[in-house]
Each structure stands twice: as structure tokens, then as C-alpha cells.
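Below are my comments on the model you sent. They deal with the contact between protein and DNA.

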2 protein chains.
Amino acid sequence: MVLCDAPRPRNANATRQAILEAARERFCSDSYDDVGMRDVARDVGVDAALISRYFGSKEDLFVAVLDSCKNGRDLMDGPREDFGERLAREIVYGEVMPCQDDGQNEGAGAKMRGLLILLRSVGSAKAMDVMQRTSNNRFFDPLAAWIGGPDAPVRARLAAGLIMGMAIGRELSDGYSSLGETQKAELARRMAGALQGLIDN
Amino acid sequence: MVLCDAPRPRNANATRQAILEAARERFCSDSYDDVGMRDVARDVGVDAALISRYFGSKEDLFVAVLDSCKNGRDLMDGPREDFGERLAREIVYGEVMPCQDDGQNEGAGAKMRGLLILLRSVGSAKAMDVMQRTSNNRFFDPLAAWIGGPDAPVRARLAAGLIMGMAIGRELSDGYSSLGETQKAELARRMAGALQGLIDN
DNA sequence: TCCGCTTGTCAACGCCTGATGACAAAGCCA
DNA sequence: TGGCTTTGTCATCAGGCGTTGACAAGCGGA
């Protein structure tokens, strides 16, 4: 993706960071199993062996990527009363997947990056080990805290479930392409209402 | 799983069926990538080469398994006014995964088998090819037809999204083990209400 | 200028996967 | 009984994977 013919300056920190960002992009758009060390290395313009040296194993790299994300917290950027509509628009219309922005700074696809990574690798046994151990702290708990009010953990699960499921539905049906424009609008409207209801109630 | 020391009687049709059922179980509980031909073969007590002979490729086997499921239609078994509660109980409390019943006949885990397979292999690029081509006909359209009423396709997407997302959430947090019993009850209650609202409205 | 540490490359290893084609055994028919 | 088709096994292949250790190249300090 980001091939660069000019020789990379010798800078371990920058290279490490570049690997991390390339891996983050890959894990956003492909599942754990479908992401190869050689792919990531090629994106950076570096040899695959270097990744092993810097990060240890592929699993360690995956953990480092998860740690490098704001994991769900960017869901909560923006006014609270817009939450439902914001998310619904992003999923129904937006360029949710793949995300191809430049790392730390949040672009259009930057939202929900951690969530995307979770989604992509649901089902991969190895990735699941990692995610099960961390998804509570990493994702559900902050969301519940942000939501607040009675039964916040429960409502957070429901909201997260709806978001994840709709994101998957989008994947399964190729961006809801079988729905007409009015239907997509209706879908966004209803989803926004359902989500906002979970936040407000 | 179903190892059998007695030599299997030479019966191509029965063997083919046994392979299909073993593969269905595997694809229910593991992702496309994590299911190996040798695993399936071992379950049946047969050599892996036989699967290639009978089904062609692994992808063909996967398609055959999807075809052999009632794909989502079992979601609609039972009274319509119970839909929300039935699904919510199954996801929050039930033995949703893995399903280990005997094929055609529906047991506790038989519900949503096609849906489970979709979920498991979301993210696997190869499986996604297959599923994208068929998930509309196979899953969303029947659900929309069953739901009926205004914006049925839209409401079907939302219902399916909520179901899938909650099933994933269950996976991610190991059966909602971090929630107390009262919270789980509240989760089921709210999810049932949300689902039923999508069906009825 | 030479040394030594860092940064990166290269070739290879062991392992696992899905798939293939040659071969063995069972059953059927004459 | 002998031959033929069906059913299943076995050894093997090519290809991909993550990972490793030996080596090359850059670079700062004496």
C-alpha cells in the first residue's frame, strides 16, 4: 500500500511505529488469520524478519496494535445527543471499512477502529484468546462508563451489540447495496433511534 | 468427536452425509480458516482425501454445508409474539455455541445454525466471498418476508444486526460472564423488548 | 581510520494446509 | 471363481505460514 522506493532512514523507533501503523491498517481490513507478516512488512518496505525482532510474535504484534488504538473511545467523540445518528450514518453510509487514515489522527474511517479489529478477527481462535482477555477493559467498560445511568453495563452491551451486528450486516451484504436509497435512509433513521434510546434511557 | 472404531460400512451416500454433518458442526464452532479437512475427516473416521473426492474443494464443502442448513428459518419457529424473548434467552442464557446436535432434527443448539456459521467466518476472506453472494437469499430475505409490514427489509436488517452483534458480544465476553445474574436478566429483558419492537412495529 | 553497536536483509527451517494420483480392499455380477 | 466398479487409504506434492540465526550495511565514537 505505502510502498516507498527511497531507502528508509535508519531509525528504529520510526520503523517500529511504521510497522505498528501498517499492521493496524491490515488488522482493520482483514482477519487475524488473513494478515501475513510479509504483507505488513511489504507495506512498510521492510523485511518480515524485522517484525519478529521488534515485536516478538504475531500475537504480540496484534496485542500491540490493540493497545495502540483508542479502542472504542472514539465512539464517544462528539455530542452525546448525536450518538445514535452519528453511528448510524457512519455504518449505513460511511466508509466504515476499510480505514486507511494515518494512524493517530482521526479521519473519516478512524472512528471505531478498535471495534473493527475486534469484528474482523471474531472467529479466529488465536485472536479470540487475546480479545476475550481484554475486550471488557478495553471496550465495554469505557462505553458503559460513558453511557452512565441505570444498568449502564447492560445498555452498553446492547449498544455495542447493535453496532457490531450492523457493521457485520453491512459487510455481509456489501454495504447494504440491495437496499434502495429510501430504505437506507429508513435503516439509518431506525438504527439511530434504537441506539439513542439505549444511550438516553 | 464422533470417532467410531468399527469399520464404516461401505456406503457412499451415508459417508457423504456424515462428512456434511461433521463439517457443519465444525463450521458452527470454528471459523472457515480454523476448520481443517483433516479435522472433519477425523470426526467421521475417514481419510481427508475422500472429502476432496466427494465435495471437490474446501470452498465447495462450505457451500454444501450452507445449503444443508435451514439458514435462519429456524429463527422463526415458534409463536411470533415470543420472538424477542425466545432469541434473547437463547443468546443471553442458552447454549448458542457450539451446536452439537444431530443434523436435521432441531435440538437446543439447532436454532440459528446458519447464522452461527455466518458469524464464525465473518472476516475470513474466502468464506466472505461465498457468503456475500448468498446471504441475502439465504437469510435476510426470508426473515424480511416473515416479519412483513412496512419497511420489512429494513427491520429485518436491524433485527439480524442486533442478534448477530449480541451473539458476538457473548463470544467476546465469554457468555457475559462479567455480568451478574440480575444484570443478565435485565440484558435479556431489554434485548427481548428491542427485538420484539422491531418485529411488531 | 578502525571498532563496535545498531539497523536491516537474506536464506532457510519446520510446520501445516488443501489437493492429487496411485494403490488396496470390498462388493457385485456373470 | 474371475473380473469390474465402487469405496476408501496412503504417500506425497506444492505452497504458504511464522520464525530464526547468520550475515551485510550504516553510523557514531575513539
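**Notes on the surface near DNA strand D**

1. A phosphate oxygen of DNA strand D sits 2.7 Å from a side-chain N or O atom of Tyr54(B). Bear in mind that this is a predicted model. Tyr54(B) is also listed among the residues that come nearest to the strand, together with Arg38(A), Arg10(B), Asp47(B) and Arg53(B).

2. Two other polar approaches to phosphate oxygens of strand D deserve mention. Thr15(B) places a polar side-chain atom 2.9 Å from a phosphate oxygen. For Val35(A), a polar backbone atom is involved, at 3.3 Å from a phosphate oxygen.

3. The strand has 21 residues around it. By class, nine of the residues in this surface are nonpolar, seven are charged and five are polar.

4. Which helices supply at least two residues each to the surface near DNA strand D? In chain A they are helix 2 (37-44) and helix 3 (48-55); in chain B, helix 1 (12-29) and helix 3 (48-55). Helix 3 of chain B gives the largest share, with four residues.

5. On the DNA side, sugar or phosphate accounts for 47% of the strand D atoms within 4 Å of the protein, and bases account for the rest. Any figure of this interface should therefore show bases as well as backbone.

6. An unreviewed UniProt entry places a "DNA-binding region" at residues 36-55 of chain A. In the model this span is 80% helix and 0% strand, and its end C-alpha atoms are 14 Å apart.

Notes:
Residues are numbered from 1 along each chain as its sequence is written. Chains are lettered from A and ligands numbered from 1 in the order in which they are written. This is a predicted model: local features need pLDDT of at least 70, side-chain atom pairs count only at pLDDT 80 or more; totals for chains, interfaces and linings use all residues. Side-chain values use heavy atoms; hydrogens and water are left out. A polar contact is a pair of N or O atoms within 3.5 Å; within protein, one must be able to donate a hydrogen and the other to accept it, and residues adjacent in sequence count only if both atoms are side-chain atoms. Ala, Val, Leu, Ile, Met, Phe, Trp, Tyr, Cys and Pro count as nonpolar, Asp, Glu, Lys and Arg as charged, and the others, Gly among them, as polar. UniProt positions are given in the numbering used here, feature names are shortened, and annotations may be inferred rather than shown by experiment.
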